[in-house]
Amino acid sequence: MSSNPNNSNNRPSKKMKSIAHRIMWQISRDKIGLYFKMDILIFVLLNVFWAYMKEIEVIGDFALKRHRDLVIGSGHIAGLAYQVKSMDGTVLMTVGFFDVVTRIAMLVVALYLLQLLGVMLSLPAISARAHRTLAPIREVAEKADELNRLAFSEDKYRLIEDALEHVEPDENPYVYLHDEELLGVEKSVNHLIERLKDSYRQQARFVNDASHELRTPIAVIQGYAQMLERWGSTDEKVLEESISAISHEVNHMNRLVEQLLFLARGDSGKTVLSKEPVSLGSLMQEIYEESFMIDETHPYRFRGSDEEITVDADRMLLKQAVRILVDNAAKYTNPGDEIILGVGRTEDARPYLMVQDMGIGMSEADVEHMFERFYRADKARTYDGTGLGLSIAKWIIDRHGGHFEILSRTELGTRIMIILP
Ligand code: ATP
Ligand code: MG
């Protein structure tokens with residue numbers, strides 16, 4: 001890698017200066033040309049005006065239908081003379097013209113010189129304006145050049161490498177390059193470190209929460225196992241209670257482990273989506289039919305759409321996300337109360353899937369946290385659950401570029417819509 005920063009030093013500003021100069025000269029040239037044409041016109045007009053005034057003075061009136069000539073040496077006039085004849089050839093007037101035309105010419109030349117002086121005096125102002133106009137372009141060019149130099153500057157690379165090598169993950173994991181030119185790089189690297197730290201913190205919290213959640217069922221199972229050991233062979237009630245409790249905890253743990261596995265696979269990027277055209281109507285119809293077969297305690301209703309709505313999605317995963325919403329609706333709604341499943345398009349024509357219940361509902365604070373891993377509202381803790389369902393649903397919908405819209409009132413019910421792109 002070779003580098004010679006001085007070579008290209010100031011290159012953009014030099015270029016810009018010459019462009020500004022060119023603009024300045026162009027504007028000045030245009031002005032000088034314009035003044036020249038204007039002054040010729042003034043010269044002609046002044047001569048015409050003089051002739052007009054002279055005719056009125058000598059002949060007494062002015063008529064267009066007359067012969068007008070410039071003659072040399074006519075009668076007592078030696079030099080150039082202006083002669084006017086009537087249409088029949090009678091000479092009406094002959095006046096000397098040379099003096100007049102020279103005076104007018106001198107006047108116009110003086111005017112032109114003044115204008116040239118004006119242009120020269122305005123040069124700095126024009127140049128300043130050209131520079132001002134070019135300033136943003138110059139900035140961009142300078143930045144680009146700076147980047148260009150940066151890209152080939154080996155010592156800068158070394159500086160970054162050294163700084164990265166000396167990052168202490170436990171202490172203060174920030175990079176200080178002490179170089180003004182590398183301020184942007186320093187900022188981006190530190191931003192990246194901040195994000196890594198954030199994700200590390202999240203990961204650590206997740207592992208912590210997960211082991212905590214797993215410890216509880218293990219402790220319960222251990223307790224019942226000890227009870228079984230002591231009294232299980234003699235007391236039939238203890239035997240039955242322990243077996244039922246252990247089986248319940250094992251089921252819970254099984255579900256928890258499955259959910260944790262899903263999220264861990266998702267976080268590590270191992271879950272690959274296989275997208276295909278999915279008809280939302282038929283997907284929801286399928287879930288609807290399954291729902292009242294799995295859960296006989298609630299009446300289910302299906303609100304379809306006349307239009308066939310198809311999206312590009314991973315059918316299995318999308319179905320899993322909706323199932324999570326339906327499971328919640330069933331869990332947090334009293335038996336007998338209706339659950340509605342819907343499909344359609346929003347006002348801005350985006351496809352949606354909807355699950356609506358008449359259950360316990362949520363407070364605004366609960367809605368804010370409901371997608372967080374392990375979050376469960378206080379009121380929901382009397383029901384069985386892990387608090388991971390919605391985190392999984394959110395992961396799936398995020399990967400589809402969609403989002404959730406939630407409407408919930410405590411004691412009234414909840415409506416969750418999955419809006420897809
Ligand atoms: P699981 O992971 O076993 O589904 P869960 O249902 O508690 O457990 P999520 O599905 O993630 O966990 O839901 C998180 C929380 O959001 C619930 O604990 C509950 O407080 C609230 N919630 C979700 N859906 C509803 C609903 N339809 N009605 C009322 N509260 C709800
Ligand atoms: Mg749930």
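**Exercise 1. Describe the overall build of the protein, starting from its helices and strands.**

Solution. The protein holds ten helices and ten strands, where helices (H or I, at least four residues) and strands (E, at least two) are DSSP runs numbered from the N terminus. The next step is the radius of gyration, taken over C-alpha atoms: its value is 46 Å, well over the 22 Å that the globule rule gives for 421 residues, so the protein is more spread out than a compact globule. That rule is 2.2 Å times the number of residues to the power 0.38. Along the principal axes, the C-alpha trace spans about 160 × 65 × 35 Å. Finally, 34% of the 421 residues are buried, a term for under 20% relative accessible area (1.4 Å probe, protein chains only).

This is a predicted model, in which local features need pLDDT of at least 70 and side-chain atom pairs count only at pLDDT 80 or more, while totals for chains, interfaces and linings use all residues. Residues are numbered from 1 along each chain as its sequence is written, chains are lettered from A and ligands numbered from 1 in the order in which they are written, and side-chain values use heavy atoms, with hydrogens and water left out.

**Exercise 2. Check the span of helix α6, then describe its start, its buried residues and what follows it.**

Solution. Helix α6 covers residues 236-267, and its 32 residues should span 46 Å at 1.5 Å a residue, the expected span being 1.5 Å times one less than the number of residues. The end C-alpha atoms of α6 are 46 Å apart, which agrees. At the start of α6, a side-chain oxygen of D235 reaches to within 2.9 Å of the backbone nitrogen of K237. Among the buried residues of α6 are V238, I246, E249, H252 and F262, and the cover over the buried residues includes α5 (183-232), α8 (315-331) and α10 (389-399). After α6 comes G269, whose phi is positive, near 75 degrees.

**Exercise 3. Work out which residues surround ligand 1 and how much of the ligand the protein covers.**

Solution. Ligand 1 is surrounded by 22 residues, and the closest are R255, R376, T386, G389 and L390; a residue counts if one of its heavy atoms lies within 4 Å. Turning to single atoms, an N or O atom in the side chain of R376 is 2.6 Å from an oxygen atom of ligand 1. Backbone N or O atoms also approach oxygen of the ligand, at 2.8 Å for L390 and at 3.0 Å for A377. Of the 590 Å² of accessible area that ligand 1 has on its own, the protein covers 98%, with areas taken from the Shrake-Rupley method with a 1.4 Å probe.

Key:
Buried < 20%, exposed > 50% of the residue type's maximum accessible area, 1.4 Å probe, protein only. Contact = heavy atoms within 4.5 Å. Polar contact = N/O pair within 3.5 Å; in protein donor to acceptor, adjacent residues only side chain to side chain.
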